[in-house]
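Got a few minutes for some exercises? Have a look at the sequence and the model below, then work through the tasks one step at a time.

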Amino acid sequence: QVQLVESGGGLVQAGGSLRLSCTASGRPLSGYTMGWFRQAPGKEREIVATITWSDGRRTFYADSAKGRFTISRDKLKKTVDLQMNGLIPEDAAVYFCAGRPHGGNTFGSWGQGTQVTISS
């Protein structure tokens, strides 16, 4: 079992930046794909970005995140970060960190989420 804890959310002005961090514990993350998701009030949870844990080279970004967000991971610290720049009101949501094991079809490990609020 993998435990995930997010941090770094908060209130930021439109156009500003935030860096979210996800700290993992429990079983090793070898072969995992780690991701950030978000859910705004009244909307379904949506994927934001993913990264392969082993080499950190294979990344995916939702169209809404491309060019503004960067996902990265630190193997020594066992963290997965999401750097968010140029934030817009539509980015306001609860952001969740999640992990999918190698060969798995779904992200089965989830954090509790961190709130991101954008002031215009």
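**Exercise 1.** Decide whether T114 is buried or exposed in this predicted model.

*Solution.* Start with the cut-off: a residue counts as buried when its relative accessible area is under 20%. T114 comes in at 10%, so it goes down as buried. Next, place it in the fold: T114 belongs to strand β11, which covers residues 114–119.

**Exercise 2.** Find out which residues T114 is in contact with, leaving aside its neighbours within four places in sequence.

*Solution.* Begin at the low numbers, where you'll meet E6, S7, G8 and G9. Carry on along the chain and you can add L20, then A93, V94 and Y95. Now zoom in on G9: its backbone nitrogen sits 3.1 Å from a polar atom in the T114 side chain.

**Exercise 3.** Search the whole structure for a disulfide and work out which parts it ties together.

*Solution.* First, recall what you're after: a disulfide is a covalent bond between the sulfur atoms of two cysteines. The search turns up one, and it links C22 with C97 at an S to S distance of 2.1 Å. Then locate both ends: C22 is in strand β3 (residues 18–26) and C97 is in strand β9 (residues 93–100), so the pair ties together parts 75 residues apart in sequence.

**Exercise 4.** Work out the handedness of the C22 and C97 link, and say how buried each end is.

*Solution.* Check the turn about the S-S bond: it is -75 degrees, and the link is left-handed. Then check accessibility: C22 is buried at a relative accessible area of 1%, and C97 is buried at 0%.

How values were computed. Residues numbered from 1 in each chain as written. Predicted model: local features only at pLDDT ≥ 70, side-chain atom pairs only at ≥ 80, totals over all residues. Heavy atoms only, no water. Disulfide = S-S within 2.5 Å. Helix = DSSP H or I, 4+ residues; strand = E, 2+ residues; numbered from the N terminus. Buried < 20%, exposed > 50% of the residue type's maximum accessible area, 1.4 Å probe, protein only. Polar contact = N/O pair within 3.5 Å; in protein donor to acceptor, adjacent residues only side chain to side chain. Contact = heavy atoms within 4.5 Å.
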